[in-house]
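Work through the exercises below with the structure in view. Each task is followed by a solution in steps.

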Amino acid sequence: TWTAFDAAALALATIELVVQVNGKIRGRLAVAPDVPEEQALALAKADANVASYLEGKTIRKAIFVPGKLISFVTD
């Protein structure tokens with residue numbers, strides 16, 4: 001007989017979100033798979049490396065793709 005399938009064993013506790021600023025990777029975040037968009041954007045803006053690229057610039061657009069990436073478009 002085959003062993004029983006356990007979906008809980010396949011579930012990930014954290015995922016990695018790539019953070020881009022103007023199309024270039026500036027950071028990576030380890031977050032829960034079901035992180036809300038607002039919280040993910042706040043974490044990305046709080047990252048030291050990402051914040052240095054956003055400093056003094058206006059964010060024209062923030063793109064959030066759940067489970068994959070966050071992208072900021074600035075002036």
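**Exercise 1.** Find the hairpin formed by β1 and β2, and state how many residues lie between the two strands.

Solution. This is a predicted model. Begin with the strands: β1 covers residues 15-21 and β2 covers residues 24-31. They pair in the antiparallel sense, over 7 bridges. To place one bridge, take Gln20, whose partner in β2 is Ile25. The hairpin has 2 residues between its strands.

**Exercise 2.** Describe the backbone and the accessibility of Asn22.

Solution. Locate the residue: Asn22 sits in the loop between β1 and β2. Next, read its phi, which is positive at about 55° although Asn22 is not a glycine. For background, most residues other than glycine have a negative phi. Last, take the relative accessibility of Asn22, which is 40%. Partly exposed covers values between 20% and 50%, so Asn22 counts as partly exposed.

**Exercise 3.** Which residues have the most contacts inside the largest nonpolar core, and which element gives the most to this core?

Solution. The largest nonpolar core has 15 residues. Leu17, Leu29, Ile70 and Phe72 have the most contacts inside it. Two or more residues each come from β1, β2, α2 (37-46), α3 (48-54) and β4 (69-74). Of these, β1 gives the most, with 4 residues.

**Exercise 4.** Which residues is Leu17 in contact with, leaving aside neighbours within four places in sequence?

Solution. Go along the chain from Leu17. The contacts include Gly27, Arg28, Leu29 and Val31. Further contacts are Val35 and Ala40. The list is completed by Phe64, Val65, Gly67, Lys68, Leu69 and Ile70.

Notes. Residues are numbered from 1 along each chain as its sequence is written. This is a predicted model: local features need pLDDT of at least 70, side-chain atom pairs count only at pLDDT 80 or more; totals for chains, interfaces and linings use all residues. Side-chain values use heavy atoms; hydrogens and water are left out. Two strands pair if DSSP finds at least two bridges between them. A nonpolar core is a set of buried Ala, Val, Leu, Ile, Met, Phe, Trp, Tyr and Cys residues joined through side-chain atoms within 4.5 Å. Buried means under 20% relative accessible area, exposed over 50%, partly exposed in between (1.4 Å probe, protein chains only). Contact means heavy atoms within 4.5 Å.
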